[in-house]
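Here are some notes for a colleague who has not yet looked at this structure. Please read them next to the display.

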Amino acid sequence: MDNQVIKLMEDLEEDAVLALVKQQLKEGVNANEIISASQQGMIGVGKKFEQGTYYISDLMMAGEIFKQISELLEPMMKGGSGPTIGKVVIGTVRDDIHNIGKDLVVGMLKSANMQVTDLGVNVPPERFVEAVRETGATVVGLSALLTVAFDSIKATVEAFAAAGLRDKVKIMIGGGPVDQSVCNYTGADQWGADAQAAVRMAKEWLS
Ligand code: B12
């Protein structure tokens with residue numbers, strides 16, 4: 001992984017990290033590698049926040065820088081010119097407003113020819129159910145970055161069961177702290193560590 005991108009991202013060196021990413025793109029570095037390094041840098045920013053070295057304004061700054069990096073990578077993520085292979089409903093769960101990772105997942109799913117309904121952030125369980133009813137989607141993606149939002153994931157999975165739709169949809173979950181134990185706790189079908197994993201799971205379920 002590119003340590004320079006990680007370090008510049010961690011240090012919130014906006015101009016320098018953007019210049020480096022532009023240079024790497026010219027040199028043909030893979031967009032996924034750049035995303036992974038930037039994501040790693042964001043984890044570093046989060047650690048500094050936990051330690052009290054960074055404040056909420058720094059988290060916001062990190063978010064801004066990451067968005068600009070994503071914009072630079074957007075042309076590489078385009079695609080999606082073939083026929084639609086299936087429908088996905090996705091959103092960040094109730095009480096959580098982090099959307100950067102979720103937006104990346106949305107972009108990748110679209111570029112893999114999926115029809116994606118993005119419900120945004122802080123999405124209540126009933127809204128996910130309603131959107132599946134409206135669109136007929138068979139895959140649901142739930143994103144969460146806050147550990148307190150694990151209960152919202154669980155409540156969303158339970159809302160599908162209460163609506164009699166649990167066996168009609170596959171539910172994938174993801175976001176920084178999500179892992180297999182969260183998957184077990186919430187009753188989701190699978191979890192993914194990154195946007196590529198989201199595409200892999202959705203493709204498998206839709207095929
Ligand atoms: C940027 C940021 C913010 C920004 C968010 C801006 C935005 N528009 O999203 C702002 C400033 C708003 C913010 C606010 C807060 N934040 Co914040 N934030 C971060 C930070 C630094 C980066 C998150 C990020 O964007 N990462 C980059 C993306 C690309 O990574 P990602 O989201 O993990 O997504 C990837 C994968 O996880 C996966 N993925 C994501 N979603 C999905 C979905 C599916 C289905 C799949 C398969 C995969 C998948 O694919 C993505 C691409 O590879 C993290 C640190 C960290 N360790 O992540 C803290 C962090 C998440 N925040 C934290 C906290 C505490 C907060 C606040 C509560 C702070 C406060 N006191 O107000 C608020 C919460 C507000 C709320 N109700 O949600 C904590 C959470 C701790 C915890 N245990 O819950 C963290 C971990 C920082 C820390 N170490 O303390 N934050």
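The points below go from the whole chain to one surface patch.

1. The model is predicted. Its secondary structure consists of nine helices and five strands. In sequence order, these elements run α-α-α-α-β-α-β-α-β-α-β-α-β-α. The pattern therefore opens with four helices before a strand appears, and it ends on a helix.

2. On overall dimensions, the C-alpha atoms occupy a box of roughly 50 × 45 × 25 Å along the principal axes. The radius of gyration is 17 Å, and a compact globule of 207 residues would be expected to come near 17 Å, so the two agree.

3. On packing, 43% of the 207 residues are buried. Among contacts with a separation of 6 or more, 73% join residues that are 24 or more positions apart in the sequence.

4. The protein exposes about 10500 Å² of surface. Carbon and sulfur atoms supply 52% of that area.

5. Which residues form a nonpolar patch on the surface? They are Phe-49, Ile-56 and Met-60, and together they have about 320 Å² of accessible area.

6. Ile-56 deserves a separate look. This residue lies in helix α4, which covers residues 56–77. Is Ile-56 buried or exposed? Its relative accessible area is 54%, and the cut-off for exposed is over 50%, so Ile-56 counts as exposed.

Terms used
Residues numbered from 1 in each chain as written. Predicted model: local features only at pLDDT ≥ 70, side-chain atom pairs only at ≥ 80, totals over all residues. Heavy atoms only, no water. Patch = residues over 30% accessible without salt bridge, like charges linked within 9 Å, V, L, I, M, F, W, Y side chains within 5 Å. Areas by Shrake-Rupley, 256 points an atom, 1.4 Å probe, with all protein chains shown as cover. Salt bridge = Lys/Arg side-chain N within 4 Å of Asp/Glu carboxyl O. Helix = DSSP H or I, 4+ residues; strand = E, 2+ residues; numbered from the N terminus. Buried < 20%, exposed > 50% of the residue type's maximum accessible area, 1.4 Å probe, protein only. Rg over C-alpha atoms; globule rule 2.2 N^0.38 Å. Contact = heavy atoms within 4.5 Å.
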